[in-house]
Amino acid sequence: MDGWGTAGRLSGNFERTMSEQNPPPERSFGPVADAYDRARPSYPDEAVAWMTGPGRSVILELGAGTGKLTELLHENGHDVLASDPSPEMLMRLAARVPVKHVLATAEHIPLRSRSVDLVVCAQSFHWFDHDRALAEIARVLRPGGVLALVWNTYDVSIPWVRRLKNLIAPNVGTHDEAATPLMETPYFGFVDKKQFRFWRVHTAASLADLARSVSHVATMSEYARTDVLAKVDALYAEYGRGHDGMQLPYVTRCYRAVVRHNELTPEPPPPVRRPRPAPAVAPGAEPGAEPGAEPGRAPRSPVTDRRPPEDPGTQLIDFR
């Protein structure tokens, strides 16, 4: 049995604040979740081992998507709670791997303070509101806990790969730049980093899916997207290997830092509940009698309080 309690529903229904017509780029993946799941690569085993360290950890994954990294964490014996702001992505994650999952953002984490050993973010950290998210991540980490970031990036040292990136993700900078907020925040210490290399075989169809799954392409007009996909097809025809497919080289870039709790704003102490004074009872009345009861009369049967419980606001996931 895993250590996660029942996942509560976030109050405020942040989903309703999303614009249906013009979703921000980080929430544009829902309509292309199938293409994302088919075409995006997983992560090297060595990278996962470097991020998690030895032993079994309680892990929160933020922006888990369709569960590419979640699956590896689960297979390595870790206790994982996966979260993502996209219901479509979480549906595919649930079908892929049997772990607890919750619809949530990095800025509002439905976990109790100091309840996890490790927070991981795969292909997602650059979408966060970093000031709010880093404080929340630090809050839920135990003393000595770690935040780990990972991105699969195209190896643009190869000319045709650079040409592909310029077609489908021209505005993506270096991932050292994407990890800069972690390097500058007071909530975490020294940032260690390491990179790994691997290759992913693509057919013409899966390369087109890869292009569709990129936010730059997913948010285009239909006309512009059709033009980009035609250019991706042409690139494959020029550089592909027919039925054998195309080997696309990747560099996996990983970052890891330990939490600094002394930089967090102290949490307010829980309210002190003072006992209510016992009600006055008439002299000679039976013990437990109601106020004003006549002596010798038996107390009435207690009446159940039928008022609904107070809504505490955000329901937290209770980790024990």
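## A walk through the model

Start by selecting Gly53, just after helix 2: this glycine takes a positive phi of about 75°. Keep in mind along the way that this is a predicted model.

**Stop 1: helix 2.** Now select residues 45–52, which form helix 2. Which of its residues are buried? They are Ala47, Val48, Trp50, Met51 and Thr52. To see what covers them, show strand 1 (58–62), helix 3 (68–75) and strand 4 (116–122), which are among the covering elements. Then add strand 5 (141–154), strand 6 (192–202) and strand 7 (246–258), which also belong to that cover.

**Stop 2: helix 2 against helix 3.** Leave helix 2 on screen and colour helix 3. The two helices pack at an angle of about 70°, and their axes are 11 Å apart. Helix 2 and helix 3 are therefore roughly perpendicular to each other. Show side chains here: Asp45, Val48, Met51 and Thr52 of helix 2 make the contact with Leu69, Leu72 and Leu73 of helix 3. Three of these names may look familiar from the previous stop, since Val48, Met51 and Thr52 are buried.

**Stop 3: the sheet.** Next, switch to a cartoon view and pick out the strands. In what order do the seven strands of the open sheet lie? The order is 3-2-1-4-5-7-6, with mixed pairing. At the edges you will find strand 3 (100–103) and strand 6, and each has a single partner strand, so one side of each is left without a neighbour in the sheet. Look along the sheet and you can follow its turn: neighbouring strands are turned by 20° against each other on average, direction ignored.

**Stop 4: strands 6 and 7.** Zoom in on the edge formed by strand 6. Strand 6 runs antiparallel to strand 7, and 11 bridges join them. Select Gln195 and you will see Arg253 of strand 7 standing opposite. Now add helix 9 (residues 204–212), which lies across strand 5, strand 6 and strand 7. Helix 9 runs at about 135° to strand 6.

**Stop 5: Ser86.** Move to the loop between strand 2 (79–84) and helix 4 (87–96), where Ser86 is found. Is Ser86 buried or exposed? Its relative accessibility is 9%, so Ser86 counts as buried. Show the side chains of Ser86 and Glu88, which are joined by a polar contact of 3.1 Å.

**Stop 6: Lys231.** Go on to helix 11 (residues 222–239) and select Lys231 within it. With 42% relative accessibility, Lys231 counts as partly exposed. Add Ile168 to the selection: Lys231 and Ile168 are 63 residues apart in sequence, and their C-alpha atoms are 9.7 Å apart in space.

**Stop 7: the whole chain.** Zoom out to take in the protein chain, with its 11 helices and seven strands. Of its 320 residues, 46% are buried. Among contacts between residues at least 6 apart in sequence, 76% join residues at least 24 apart.

**Last stop: confidence.** Finally, colour by pLDDT. The chain averages 80, and 73% of the residues score at least 70. Over residues 5–26 the pLDDT is below 50, and this stretch has 30 contacts in the model beyond near neighbours in sequence. Residues 301–315 also stay under 50, with six contacts beyond four places in sequence. Where pLDDT is low, the predicted coordinates should not be read in detail.

How values were computed
Residues numbered from 1 in each chain as written. Heavy atoms only, no water. Buried < 20%, exposed > 50% of the residue type's maximum accessible area, 1.4 Å probe, protein only. Helix = DSSP H or I, 4+ residues; strand = E, 2+ residues; numbered from the N terminus. Contact = heavy atoms within 4.5 Å. Pairing = 2+ DSSP bridges. Axes fitted to C-alpha atoms, helices over the stretch in contact; angles between N-to-C directions. Polar contact = N/O pair within 3.5 Å; in protein donor to acceptor, adjacent residues only side chain to side chain. pLDDT = per-residue confidence, 0-100. Parallel < 35°, antiparallel > 145°, perpendicular 65-115°, else oblique.
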